Amino acid sequence: MSPITHFLASWVAARQVADNPRDRLLITAAGVVPDLDGLGLVLDLANRALGRPETFYYPEYHHFLLHGAPGCLAAAALAALLARRKLRVALAVVAVFHLHLLCDLAGSRGPSPSDLWPIYYLAPLTRNPMWVWDGQWPLDAWPNKLISIGLLFASFAMAVRQGNSFVGLFSRRADAVFVGVLRKWSGRVDLKGRLVGKMGGE
Ligand SMILES: [Zn+2]
């Protein structure tokens with residue numbers, strides 16, 4: 001699935017599991033980090049645009065370098081090192097990392113029915129075992145769009161209820177404005193800006 005869908009899924013998970021901004025950032029990042037192995041696309045396109053010898057880093061390394069257990073263990077170890085609640089964050093990182101793999105196995109096919117993306121679970125150490133699902137749907141198929149929209153609305157609902165959103169991963173000040181707008185839209189503040197009903201927040 002797309003990095004945006006992975007981001008939203010891991011944010012929703014992080015918001016449930018972590019009770020502080022740093023741990024939420026680490027868990028959310030872990031849900032997106034496998035796709036860093038797709039950055040070879042930038043080099044491939046740059047080499048082509050500059051007329052240099054053609055390279056194939058994207059097809060060679062995407063879904064190979066960081067889409068397996070070794071990448072997961074490295075991410076969990078690094079997150080545990082940086083986290084406030086180390087064991088909880090390490091376990092959450094393992095969970096969102098595997099959720100990413102599962103989502104890719106389900107919905108990351110290319111345009112043609114034969115363009116299936118497998119998961120090499122022990123890559124980059126070895127190509128065995130290789131998992132592939134022949135029911136895999138294309139990256140731009142409606143289930144991926146539906147899942148992304150569902151996650152987005154779940155994030156908004158959580159922001160209204162709990163007082164912070166994924167915008168806070170980048171800027172707390174912008175998040176305060178964003179959550180304020182969401183709460184106004186959802187009718188949970190009255191005309192003088194007072195909260196209506198009971199609500200959490202930090
Ligand atoms: Zn991926």
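Mentor: Before you start asking, one definition: helices are DSSP runs of H or I with at least four residues, strands are runs of E with at least two, and both are numbered from the N terminus. Keep in mind, too, that this is a predicted model.

Trainee: Got it. What phi does Gly51, just after helix 3, take?

Mentor: Start with helix 3 itself, residues 40–49: none of its ten residues is buried, so this helix lies largely in the open. Gly51 comes just after helix 3, and its phi is positive, at about 75°.

Trainee: Stepping back, what pattern does the protein chain follow along the sequence?

Mentor: The secondary structure comes to eight helices and two strands. Put in sequence order, the elements of the protein chain read α-α-α-α-α-α-β-β-α-α.

Trainee: And how many of the residues count as buried, as a percentage?

Mentor: The C-alpha atoms fill a box of roughly 60 × 40 × 35 Å along the principal axes. Among contacts with a separation of 6 or more, 60% link residues 24 or more positions apart. For burial, the protein chain has 202 residues, and the share that counts as buried is 30%.

Trainee: Let's look at helix packing. Are helix 2 and helix 6 roughly parallel or roughly perpendicular?

Mentor: Helix 2 covers residues 21–32 and helix 6 covers residues 86–107; their axes come within 8 Å and cross at roughly 25°. The crossing of helix 2 past helix 6 is right-handed. Angles under 35 degrees fall in the parallel class, and helix 2 and helix 6 are therefore roughly parallel.

Trainee: Which residues of helix 6 meet helix 2, and how many of the contact's residues are nonpolar?

Mentor: From helix 2 come Asp23, Leu26, Ile27, Ala30 and Gly31, and they meet Val89, Ala92, Val93, Val96, Phe97, Leu99 and His100 of helix 6. By class, the contact has one charged residue, two polar ones, and a nonpolar count of nine.

Trainee: Which elements give two or more residues to the largest nonpolar core?

Mentor: As a general point, nonpolar side chains in soluble globular proteins tend to be buried together. Here the largest nonpolar core has 28 residues, and Leu26, Ile27, Ala30, Ala75, Ala79, Val89 and Val93 touch the most other members. The elements giving two or more residues to this core are helix 1, helix 2, helix 5 (69–82) and helix 6.

Trainee: Take Val93, then. Which residues is Val93 in contact with, leaving aside neighbours within four places in sequence?

Mentor: We've already met Val93 as one of the helix 6 residues facing helix 2. With those sequence neighbours left aside, Val93 is in contact with Leu26, Ile27, Ala30, Ala75, Ala76 and Ala79.

Trainee: Now the two tryptophans I picked out. Is Trp11 buried or exposed?

Mentor: Trp11 sits in helix 1, residues 3–17. Beyond four places in sequence, Trp11 touches Thr28, Ser155 and Phe166. The cut-off for burial is 20 or more C-beta neighbours within 10 Å, and because Trp11 has 26, Trp11 counts as buried.

Trainee: How does Trp137 count for burial, then?

Mentor: Trp137 is in the loop between strand 2 (130–131) and helix 7 (142–162). Leaving out residues up to four places away in sequence, Trp137 touches Gly107, Arg109 and Pro143. Because there are 15 C-beta neighbours inside 10 Å, Trp137 counts as partly exposed.

Trainee: What orientation does helix 7 have relative to helix 8?

Mentor: The meeting residues are Phe156, Ala159 and Val160 in helix 7 and Val179, Leu182 and Arg183 in helix 8. The axes of helix 7 and helix 8 (residues 172–185) come within 9 Å and cross at roughly 95°. That angle makes helix 7, relative to helix 8, roughly perpendicular.

Trainee: On to backbone oddities. Which residue does a cis peptide bond join to Ala123?

Mentor: Most peptide bonds are trans. The loop between strand 1 (119–120) and strand 2 holds Pro124, and Pro129 lies in that loop too. The Asn128 to Pro129 bond is cis, with omega near 0°. For Ala123, omega is about 10°, and the cis bond joins Ala123 to Pro124.

Trainee: Last one: what phi does His63 have?

Mentor: His63 is in the loop between helix 4 (57–61) and helix 5, and it counts as buried because it has 21 C-beta neighbours inside 10 Å. Most residues other than glycine have a negative phi. His63 is not a glycine, yet its phi is positive, at about 65°.

Notes. Residues are numbered from 1 along each chain as its sequence is written. This is a predicted model: local features need pLDDT of at least 70, side-chain atom pairs count only at pLDDT 80 or more; totals for chains, interfaces and linings use all residues. A residue is buried if 20 or more other C-beta atoms lie within 10 Å of its own, exposed if 12 or fewer, and partly exposed in between; C-beta atoms are placed from the backbone. Two residues are in contact if their C-beta atoms, placed from the backbone, lie within 7 Å. Axes are lines fitted to C-alpha atoms, for helices over the stretch in contact, and angles run from 0 to 180 degrees between N-to-C directions. Angles under 35 degrees count as roughly parallel, over 145 as roughly antiparallel, 65 to 115 as roughly perpendicular and the rest as oblique. A crossing is left-handed if the near helix is turned anticlockwise from the far one by less than a right angle, and right-handed if clockwise. Ala, Val, Leu, Ile, Met, Phe, Trp, Tyr, Cys and Pro count as nonpolar, Asp, Glu, Lys and Arg as charged, and the others, Gly among them, as polar. A nonpolar core is a set of buried Ala, Val, Leu, Ile, Met, Phe, Trp, Tyr and Cys residues joined through C-beta atoms within 7 Å.
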